[in-house]
Amino acid sequence: MRPVRSSVLCRLLPAPLSLALRSLVLVLLCIAPHCQAVQAENVTVLEGGTAQISCRLQNYDGSIVVIQNPRRQTLFFNGTRALKDDRFQMVLFTPRLVRITLTNVSVWDEGGYFCQLYTDATHHQVATLSVLVPPETPAVEVKQEAVEGGEVELTCVSPRSKPAATLRWIRNGREIPGVVSQQDNGKTFSVSSTIRIPVERKDNGAALSCEAFHPALSGQKRIRHYRLDVYFAPTVRIVPPSGILREGDSLSLTCSVTGNPLPRNIQWSKINDTLPERAEISGPTFQISRLSQSHNGTYLCQAQNNYGRAADHYALLVYDPGAVVETHSAVPYAVIGGVLALLVFTIICVLIVTIWCSVRQKGSYLTHEASGLDEHGEVQEAFLNGNDASQGKKEYLL
């Protein structure tokens with residue numbers, strides 16, 4: 001019995017059978033020792049890399065081998081270049097393996113590459129080339145400036161990747177959920193993630209990061225770091241000198257200013273007066289040499305930016321050394337005077353209490369004496385009236 005040729009069997013296969021099913025049938029039929037067949041391998045490569053497209057031959061007998069691109073343009077005909085594209089190179093042509101390379105791969109090179117073997121019937125397999133486009137480091141866009149007490153809207157953008165990249169916002173090690181949007185650009189995708197966060201003065205300089213994940217990065221990630229720039233009104237504080245300032249001393253004041261943006265101009269002034277002639281101003285520093293009583297007064301430091309203004313004041317009081325000594329020597333006398341006044345007040349209070357008690361005791365004696373006289377009168381009257389014994393005996397003690 002003569003063996004059935006594969007070309008005849010291919011013609012007998014129903015047309016609606018899928019390409020994969022037809023290939024499987026051909027492989028099963030090619031168990032015979034003289035059956036020719038071709039196999040192709042799928043390839044995945046990063047954009048810009050080099051792809052190797054291989055066609056494996058079985059029982060090759062010198063038949064024609066043709067390799068075509070996804071547009072069915074012939075690249076090589078039996079090892080000979082047919083398409084003028086130097087990115088394609090024939091690197092191997094043997095009875096078992098035909099291999100070509102494609103350098104500087106782009107997403108437009110994606111698709112099925114045909115390995116065709118022309119015998120009595122045409123055998124072909126398709127090698128699918130897939131191109132991955134890893135994302136670049138994402139960019140952070142700020143819709144509007146962040147002002148103290150308001151909100152800031154930040155958008156992390158990955159403009160090009162394939163497949164679409166995954167974006168994630170991180171602050172202090174915690175993820176901040178964002179609103180994700182994705183746009184199909186044909187062969188690639190652009191992805192963005194937007195967050196809105198309230199900001200205060202303390203948030204100025206806070207660190208955030210946007211991370212991009214992608215299969216082509218092999219578990220790595222692309223990170224864009226961002227620091228919040230929060231605008232706020234300035235604060236002003238005058239750093240005063242230590243100790244007592246006397247005539248002849250020097251005064252040095254420092255105006256400590258914060259704010260974002262930091263105020264460029266710091267203004268010194270004296271309330272209700274002009275600055276002394278010997279005053280020297282150097283940015284935040286204000287100095288007066290050889291102080292005198294005429295320098296007494298309130299000095300003001302002011303600063304402002306686009307978001308507000310602030311001021312602080314310092315009251316200067318220059319002491320006369322002689323007055324300071326006199327004041328210190330007068331302190332003991334003041335204490336002694338206070339003690340004497342307290343002592344006199346105590347004595348007066350004691351006298352008043354003593355006199356009051358004496359007057360009250362005398363009044364009580366007079367009252368009892370009058371009561372005794374009344375009783376004596378009653379005895380005398382009883383004796384004169386001659387009261388009888390029936391009225392009872394009364395004894396009176398005079």
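## Disulfides of the predicted model

In this predicted model, a disulfide joins C156 to C210, with 1.7 Å from sulfur to sulfur. Because C156 belongs to strand β13 (residues 151-161) and C210 to strand β18 (residues 207-213), this pair ties together parts of the chain that are 54 residues apart in sequence. The link of C156 and C210 is left-handed, with -85° about the S-S bond. C156 is buried, at a relative accessible area of 0%, and C210 is likewise buried, also with a value of 0%. For a reader new to the term, a disulfide is a covalent bond between the sulfur atoms of two cysteines.

How many disulfides does a search of the whole structure find? The search finds three, and one of them joins C55 to C115, again with 1.7 Å from S to S. This pair links distant parts of the chain, since C55 sits in strand β3 (residues 51-58) while C115 sits in strand β9, 60 residues apart. The link of C55 and C115 is left-handed, with -60° about the S-S bond. C55 counts as buried because its relative accessibility is 0%, and C115 counts as buried because its relative accessibility is 1%.

A disulfide is also formed by C255 and C301, whose sulfur atoms are 1.9 Å apart. C255 lies in strand β21 (residues 251-260) and C301 in strand β25 (residues 297-305), so that this pair ties together parts that are 46 residues apart in sequence. With -90° about the S-S bond, the link of C255 and C301 is left-handed. C255 is buried, with a relative accessible area of 3%, and C301 is buried as well, with a relative accessible area of 0%.

## Two further cysteines

Are C349 and C357 buried or partly exposed? C349 counts as partly exposed because its relative accessibility is 32%, a value that falls between the limits of 20% and 50% that bound this class. C357 is partly exposed too, with a relative accessible area of 41%.

## A sheet of five strands

Strand β21, which holds C255, also takes part in an open sheet of five strands, whose order is β12-β20-β21-β24-β23 and whose pairing is mixed. The edge strands of this sheet are β12 (146-147) and β23 (279-282), each of which pairs on one side only. In general, the strands of a sheet pair through backbone hydrogen bonds, and they may do so in either a parallel or an antiparallel way.

At one edge of the sheet, β12 and strand β20 (residues 230-239) pair in the parallel sense, over two bridges. Within this part of the sheet, V147 stands opposite Y231, which belongs to β20.

## Aromatic rings

A search of the whole structure finds four aromatic pairs. Among them is the pair of F88 and Y113, which is tilted, with 6.3 Å from centre to centre and 50° between the planes. Because F88 lies in strand β7 (residues 88-93) and Y113 in strand β9, the pair ties together parts that are 25 residues apart in sequence. Both F88 and Y113 are buried.

Another pair is formed by W268 and F286, and these rings are stacked, at 5.1 Å from centre to centre and with 25° between the planes. This pair links distant parts of the chain, with W268 in strand β22 (residues 266-270) and F286 in strand β24 (residues 285-288), 18 residues apart. W268 is buried, with a relative accessible area of 8%, and F286 counts as buried at 0% relative accessibility. Ring pairs also link W268 and F286 with Y299, so that these residues form a cluster.

A charged side chain meets an aromatic ring at F114, where R72 lies over the face of the ring, at 3.8 Å from the ring centre.

## The surroundings of E110

Where in the chain does E110 lie? E110 is found in the loop between β8 (97-102) and β9 (111-118). This residue is buried, because its relative accessible area is 16% and the class of buried residues takes in values under 20%.

The side chain of E110 makes a polar contact with the side chain of K162, at 2.6 Å. Leaving aside neighbours within four places in sequence, E110 is in contact with P70, L129, S130, V131, K162 and K187, so K162 appears both in this list and as the polar partner of E110.

Definitions and conventions. Residues numbered from 1 in each chain as written. Predicted model: local features only at pLDDT ≥ 70, side-chain atom pairs only at ≥ 80, totals over all residues. Heavy atoms only, no water. Helix = DSSP H or I, 4+ residues; strand = E, 2+ residues; numbered from the N terminus. Buried < 20%, exposed > 50% of the residue type's maximum accessible area, 1.4 Å probe, protein only. Polar contact = N/O pair within 3.5 Å; in protein donor to acceptor, adjacent residues only side chain to side chain. Contact = heavy atoms within 4.5 Å. Disulfide = S-S within 2.5 Å. Pairing = 2+ DSSP bridges. Phe/Tyr/Trp six-rings, centres within 6.5 Å; stacked < 30°, edge-to-face > 60°. Lys NZ or Arg CZ within 6 Å of the ring centre and 35° of its normal.
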